[in-house]
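Please read these points with the sequence and the structure open beside you, and look up each part as it is named.

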Amino acid sequence: MLSKNQSQEARMFHPRRAVVALALLLAAAPTHALAEPVPAPPPAPERPSADKSIAFYVGKNRTDSGSTLLGGFGHEPSGHWLEIVPRQQHPPGATITVGATEEADLPGKLTQIPQAPETAKYITSNYSEFAGFPAPLTNGGLNEHGVAARDVWSDSRPELVAMTPPGQTGPSYSDLSRIAMERAHTAREAVEILGDLINRYGYTTYGGNSHLFADANEGWVFVEFAGGQGLWAAERLGPDDVRVSYPGYIGDVPTEPGNPDFLGSPNLVDFAVQQGWWNPASGKPFNLQEVYGTPFPGHPGKSLPTDKAPWRHPPTLEAELSRLGKVSLVDMQRMVRDPRWSDDRSGYGHVAELRSDLPHPELATLWVANTAAVTAPYIPWHIGATDVPPEYGQHRYLTAGASANYLNPEYAAQEATRSATYLSKRLMYYTCDRPEVFLDRVTKAYEGFEAQMLAEIGDVQRRAADSYRAGNAPEARATLTDWSNRWAMNGVELTEHLVEQVEAETKERFGVRPPHVAPPPGVTARPGSLSMSLPEDAVSARDRMHCDTGNGWADGNTVDRKGQVGDPANVPDYRAAQEPRDGFPWAVVVGALAGLVIGAAGMFFLRRKG
């Protein structure tokens, strides 16, 4: 089974598993066996850290619109789909199942905790696979109270991972993400709710994790640590702050209670002192990343010339984001779309623009790319929207268990629709196979397409606001739903058109590149019939399918392109190309009738002449 951050890396060397295995061996070994010196094993080879989920926060004082911006995505290999979950009431005594099963990397046990009497409406991207964690899984999204959420990896130190008890219980990262969307009215309340849940029920970990929450006024980083000790911490991000979670982290924190900008579990400091990981008498600050986390990847100044990812360092990326000055919505969309990290394991792209001046809360908007935004368009979805086209719903492409079972007939019509995700994946595989040829035009086409929506969105929001003010919420919701659905289907048509263009040019200029894979000894099957999974020895993120040409933002420096909006002139005429499919072919019918008339007249005159 594929895991959240590992995919085919699941059977490779993994530090967390190595520490767990070592701890179990030591626990089981006779004490006399430890008396004799044991030769130290050779050091494990250093392997590049694979890219994982990412999140960007920009406070409202640093944006050109005065809105808080939160963007990012999750890195999972499984299928993803868009869902608008309605507000719901739940009967007294209702519960939800949380945690993980024994199939997880760090085995767990599913338990039940109380459900809230009412849960909020929210927009999210669900996905189907993380070993041992029941689907559908989520990393957050945007709820009706204007709270946005992103889930981001954050490895705990190896000793904590080794402490994690078998059969661990409590909410998982996905459970916490979903509960925050269902219950939180502010970013701070999201942190308070999750901290209280961990304090009461514990936490099921895969090795450490974090969340980044935001509302129109502030953000909060929430980090939950492995170890079964209920350790968690949260830091407030203000309107002047910029934060990149890659991984999610918290630096220096005060050790005395009462600071309104920090929250944490009751044992946060004492446990570190007990373990000898921090000494109050040392004079050193209590730095959570140093005490409970692992070193950042991609240390500046220490990267080798051959390192293809020297930017894998959150403070470096924060400096890059800060150099943009006043960040726009389009700037944030470009950061999430950046081919340095938007690749085959980017499950979607989310950008939330969190405004405090909305005439109605249901006008809050989440821009969603159905899969990696490098080859997928962003579509704006308002909280007032009620449904999405089936093309954006769940399909069996990359869905857990699909290859071992037949289709449930109840899903036949849904499965028969074109999958927006699969179309964008096809475009990715063609485009990223030759990014120097195709990436620039694909990026410009999508940015021009999104500029068309930006030109219209103000008007549709005004019309919806008028309906809300008139007390006609159903009309407002219909306006928002119809508008986003229309543009979503335009996005499907554009993507299909781009696939056809890139495919035709690939075949004409280069041919479809065959896989250069050697069959194992004795195997007669040709390479095209072998396993298409990423090889187990592919330890680097750059071994995956990606479009990174080393430039960032696809074709230029981030600062140079700051604030630029796409040009609609770069959008190919995908509507004209689809007219024969979508409309009645009157031209063909008229032409055929004209041919019949001319033919009949010719026969008539031939007969008369004869």
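1. The model is a predicted one, and a good place to begin is the surroundings of helix 4, where the buried residues are covered by elements that include strand 6 (111-114), helix 3 (173-183), strand 11 (209-214), strand 12 (219-224), strand 13 (232-237) and strand 16 (262-264).

2. The residues of helix 4 that are buried under this cover are Ala-187, Ala-190, Val-191, Ile-193, Leu-194, Gly-195, Leu-197 and Ile-198. When you look at how such positions are spaced, keep in mind that an α-helix has 3.6 residues a turn, so residues three or four places apart point the same way.

3. The length of helix 4 can be checked by a short calculation: the helix has 15 residues (187-201), which at 1.5 Å a residue should span 21 Å, and because its end C-alpha atoms are 21 Å apart, the expectation and the model agree. After helix 4 comes Gly-202, which has a positive phi, near 90°.

4. Strand 19 (residues 365-369) deserves a separate look, since five of its five residues are buried. Thr-365, Trp-367 and Ala-369 point one way from the strand, while Leu-366 and Val-368 point the other way, and residues of both groups are buried.

5. Which strands pair with strand 19? Strand 18 (residues 349-354) is antiparallel to strand 19 and is paired with it over five bridges, with His-350 standing opposite Val-368. Strand 20 (residues 378-382) also runs antiparallel to strand 19 and is joined to it by five bridges, and here Trp-367 stands opposite Pro-380.

Terms used: Residues are numbered from 1 along each chain as its sequence is written. This is a predicted model: local features need pLDDT of at least 70, side-chain atom pairs count only at pLDDT 80 or more; totals for chains, interfaces and linings use all residues. Side-chain values use heavy atoms; hydrogens and water are left out. Helices (H or I, at least four residues) and strands (E, at least two) are DSSP runs, numbered from the N terminus. The expected span of a helix is 1.5 Å times one less than its number of residues. Buried means under 20% relative accessible area, exposed over 50%, partly exposed in between (1.4 Å probe, protein chains only). Contact means heavy atoms within 4.5 Å. Two strands pair if DSSP finds at least two bridges between them.
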